[in-house]
Amino acid sequence: MSNQQRLTVVPARYPARTVGAIVALFILASVIDSVAFNPRWEWGVFAKWFFDPVILSGLGQTLLLTLFGTILSLIFGGLLALARLSSSWLLSTLAFGYIWLFRSLPLIVVLIILYNFSYLYDTLSLGIPFTALSWGHFQTINVLGQFPAAVIGLTLVQSAYSAEIIRGGFLGVDHGQFEAASALGLSSTRRTFRIILPQALRAIMPTTFNEIISLAKGTSMVYVLAMPELFYTIQMIYNRTQQVIPLLMVGAAWYLIITTVLSLLQHSVERWLARSVTREPQPSRWRQWRNRSAKPVTEELSHVRSH
Amino acid sequence: MSEAIDYRKNLHTAGAISITGVSKSFGKLKALDEVSLELEPGSVTVILGPSGSGKSTLLRTINHLERVDEGYIQIDGDYIGYQRRGDKLYELKEKAILRQRINVGYVFQNFNLFPHLTVLENLIEAPIAHRQLSRRAAIDRAGELLDVVGLRHKADAWPRHLSGGQQQRIAIARALMLNPRVMLFDEPTSALDPELVGEVLDVIKKLARSGTTLVIVTHEVGFAREVADNVVFMVDGRIVEQGSSTQVLNQPRHERTKRFLARVL
């Protein structure tokens, strides 16, 4: 025993790590220095444009496109995934064909075709094909404006990818879960939405957020429709003012903010989905930080409330 | 034992199972070969046999988790997966098959609890989905059944935080929620650590005394001796020997049965 007490533990040292950290910090400092103090980055111009109403309205368009694109492509992609997994040969082949087509076509081609739809078809009508039944005719040019064309184009292409992501999530769920649901006589709808989907979500989420983030930036592709979303707005401005770099930095900073918000959202969604797995869920970083010295405050609050 | 009556209230009659000339192939492998078997209501039957002998397949056909190629299975005269009109068997649609399964409880080797639902939610899922019980009534009944399996204090736990034995007891309670006429157990203790086997077998013993028709695929010969009315011994998709548990386990007639029992015991 006494022999054991005399032994001291010497932590392992990693001098190379320390050297590496110093080098990395040095590089980081010099990058920051060059970006912050080189006048040619024109941070003044950046500040001037960052909250400009034109930029903000472009940002609004980008966010709207991302929102609509995400929601519609997840719904449509989910249906495609179910069709692809269905035991009906026709449905699964059709879904396969759709996914094949829209993963092959570049987004820009889809967008341009949609934008020129009025050239291909003068009018659109709602009715039953090959019959005289019809509930309305529309001028294509009035219906398919820039925004609808952009949303439809993004949805058509994005849902092909979403479908495969969702299908992958479904395939990842243990087959025993299907059997257990069947053995309990649960209907296929209930089995899908109550038993399988919630378990598939954990696998679906990370890739889905990847796709949403790509979509947020990918919306810049709709500049071919001359739609004033964030990136197109910025291009218009720097073509006029020739301040290319600072304006691109405005765009980059906004995209950075969008991605940051989405990443935070992803983090909390994944934490919530993991609640059945983790034994003692850690409070979120944000809550930890807020509670770092909050103990006495809460006690005081409850004390006040009890009176 | 008061609990032996407890969880059987509102239970309809125990079901009679009749299996007639059932065959099933997976590709070239004949998993079931002309199997016929009559099980009386309320009887406890243990199916024994080496692995690959078709015991689990037979059990799965009773719940239509597996379609049969030939022959048919009846529970209380109803054809599983089919409806008989005259001399024709009409294949049932999925909805009707799901409805038939309500009468048959199934317990899996790997428990297959729904990991994203709590224990209580696992139990009340099916009766609520089938509108058998209101949510309130389902929660009450779940409480009773959790008492039977001795796990009421785990009602709000996640399945992943329970031991294998506890998970299997929850799975049994979940199957009982629908008041099945027949309970099928597919190697309920094979995935368990040896010291957890007993607690699951104890629950099944309670059920055996309650009068539900039980069919159990297992390797626990001692348990079979204690609980089973009938023992069925299968090899290569055929029933080699069947009879009362004392007869099959103590005086096996068939050479194959003798060899199997000698190795297992």
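**Two chains and two pockets**

Okay, let's start with the salt bridges: between chain B and chain A there are three. Before I go on, keep in mind that this is a predicted model. One of those bridges joins the side chains of A:R190 and B:E125, at 2.7 Å from N to O. On top of that, nine residue pairs are in polar contact across the interface of chain B and chain A, both partners being at pLDDT 80 or more.

So what does chain B bring to this? Three of its elements, α3, β8 (104-107) and α4 (119-129), give two or more residues each to the side that touches chain A. The largest share comes from α4(B), with four residues. By class, that side of chain B has 14 nonpolar, five polar and six charged residues.

Now, how much area is buried between the chains? People often give the size of an interface as the accessible area lost when the parts come together. Here, the area buried between chain B and chain A is about 2,200 Å², and carbon and sulfur atoms give 56% of that. In residue terms, the contact takes 25 from chain B and 24 from chain A.

Okay, on to the pockets. The largest pocket holds about 960 Å³ of space. Its lining is made of 28 residues, and the ones nearest the centre are A:S87, A:F178, A:S188, A:R191 and B:E94. Which elements supply at least two residues of that lining? From chain A we have α4 (53-85), α9 (146-172), α10 (175-183) and α11 (188-218), and from chain B there's α3 (94-101). The biggest giver is α11(A), with six residues. If you sort the lining by class, you get twelve nonpolar, eight polar and eight charged residues.

Then there's the second largest pocket, with about 440 Å³ of space. There, 24 residues make up the lining, and A:P198, A:Q199, A:A200, A:R202 and B:H116 are the closest to the centre. For this pocket, the elements that each supply at least two lining residues include α9, α11 and α13 (244-273) of chain A. And which element gives the largest share? That's α11(A) again, with eight residues. This lining divides into twelve nonpolar, six polar and six charged residues.

If you want one element to look up on the screen, pick α11(A): it gives the most to the lining of the largest pocket, and the largest share of the lining of the second largest pocket comes from α11(A) too. Okay, that's me done; over to you.

Conventions: Residues numbered from 1 in each chain as written. Chains lettered and ligands numbered in written order. Predicted model: local features only at pLDDT ≥ 70, side-chain atom pairs only at ≥ 80, totals over all residues. Heavy atoms only, no water. 1 Å grid on protein atoms, 1.4 Å probe; cavity = no way out; pocket = protein on both sides within 12 Å on 5 of 7 lines; lining within 4 Å. Points joined across faces, edges and corners; volume = space filled by probe spheres on them. Nonpolar A, V, L, I, M, F, W, Y, C, P; charged D, E, K, R; others polar. Contact = heavy atoms within 4.5 Å. Buried area = accessible area lost by both parts, 1.4 Å probe. Salt bridge = Lys/Arg side-chain N within 4 Å of Asp/Glu carboxyl O. Polar contact = N/O pair within 3.5 Å; in protein donor to acceptor, adjacent residues only side chain to side chain.
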